[in-house]
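Reader: Could you take me through one part of this model closely, the place where the two chains meet, and then show me what lies around it? I would be glad of the cut-offs as you go.

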Amino acid sequence: MIYRLTQEMLETTFEHFRHCGHGREECQALWLSPWEEPEAITRVVHPKHVAEFGGFVLDDAWLNAFWLELGDINCGIRVQVHIHPHEAFHSETDDAFPIIHRSGFLSLVIPNFALGPVGFDDAYLTEIQPDGSWRPVPIESRLVMT
Amino acid sequence: MLENVCRYPSEAVVERLREAERGLETAREKEREVQKEIVEAEAMVAKVIEEIENPRIFTVEVLYDGVKKPFEVRIEETVKHLLDKAIRAFGPLPNPHTLSLYKDGKELADTQTIKEAGIKPCDVLLLRPSKVKGGV
């Protein structure tokens with residue numbers, strides 16, 4: 001599936017990263033879309049988490065509440081986005097602990113704590129395969145800016 | 001010798017008394033039957049209330065990624081059995097071992113039965129990863 005994303009949502013995502021990560025901590029954002037129109041990303045969510053240099057963990061109570069909220073608003077998580085200090089790639093931890101375990105789920109990594117220009121320069125996009133492994137995919141093959 | 005023709009109580013009155021006594025016995029028999037029916041009805045009411053409060057088979061909902069699906073469960077089944085059913089229904093979900101069921105914010109132990117886990121009819125259970133994290 002190719003997801004449509006607005007520039008405003010991408011900017012909001014970078015704002016979360018810069019404000020929360022302070023250029024020294026990892027942080028995550030989630031892109032949601034309604035089940036009636038899954039290809040249209042309509043919401044950016046900044047999860048409650050504990051961050052430190054080298055990683056982040058989502059708050060368990062927040063995750064429970066968020067799971068119920070997803071049901072209430074009839075939305076699904078299409079892409080998890082997080083930042084790395086330097087190069088963008090998927091670590092073993094990133095591979096093992098995604099928020100969604102479904103073939104086709106996307107994980108986008110933004111380099112340099114998202115302090116660079118708003119966009120996908122040097123970003124890394126990977127996708128869950130039917131066997132549960134991750135495979136890098138070209139960003140333009142899955143995400144389109146509108 | 002003259003026959004005594006005056007009897008008290010009279011035959012007619014004695015007969016009325018016998019009739020009344022038979023009627024009383026019949027009424028008492030009916031009362032015993034009704035009493036038995038009341039006891040049976042009370043037992044049935046208690047049984048139905050017990051079934052309503054503690055049903056053996058009922059439906060719960062499982063929520064994954066914003067989608068709810070109904071599942072019929074039996075109180076003696078394990079949570080793992082329901083978890084496997086949910087993963088198949090929402091699937092294919094790779095790496096199913098990373099997923100668990102949650103009720104009232106708490107992760108349910110796979111080995112517990114539905115009854116032991118305190119799962120009730122119409123409960124909404126969350127199917128979600130036990131941990132979500134990332135890092136270099």
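**Where the chains meet**

Author: Happily! H2(A) lies across strand E1 (57–64), E2, E3 and strand E5 (124–129) of chain B, and runs at about 115° to E5(B). Helices (H or I, at least four residues) and strands (E, at least two) are DSSP runs, numbered from the N terminus. Axes are lines fitted to C-alpha atoms, for helices over the stretch in contact, and angles run from 0 to 180 degrees between N-to-C directions. Contact here asks that the C-beta atoms of two residues, placed from the backbone, lie within 7 Å.

Please keep in mind that this is a predicted model, in which local features need pLDDT of at least 70 and side-chain atom pairs count only at pLDDT 80 or more, while totals for chains, interfaces and linings use all residues. Residues are numbered from 1 along each chain as its sequence is written, and chains are lettered from A and ligands numbered from 1 in the order in which they are written.

A second helix also lies across E1, E2, E3 and E5 of chain B: this is helix H2 (residues 79–90) of chain B, running at about 145° to E2(B). The sheet itself is open, with 5 strands in the order E2-E1-E5-E3-E4 (chain B) and mixed pairing; two strands pair if DSSP finds at least two bridges between them. Strand E2 (67–74) and strand E4 (106–107) of chain B are at the edges with a single partner strand each, so one side of each has no neighbour in the sheet. E4(B) pairs with strand E3 (residues 99–103) of chain B in the antiparallel sense over 2 bridges, and there B:Tyr102 has B:Glu107 as its bridge partner.

Now to the whole contact: chain A puts in 34 residues and chain B 22 residues. On the side of chain A that touches chain B, the largest share, 6 residues, comes from H2(A). By class, that side has 16 nonpolar, 14 polar and 4 charged residues. Ala, Val, Leu, Ile, Met, Phe, Trp, Tyr, Cys and Pro count as nonpolar, Asp, Glu, Lys and Arg as charged, and the others, Gly among them, as polar.

The chains also share strand pairing: E5(A) and strand E6 (residues 133–134) of chain B pair in the antiparallel sense over 2 bridges. Here A:Phe56 stands opposite B:Gly134 in E6(B).
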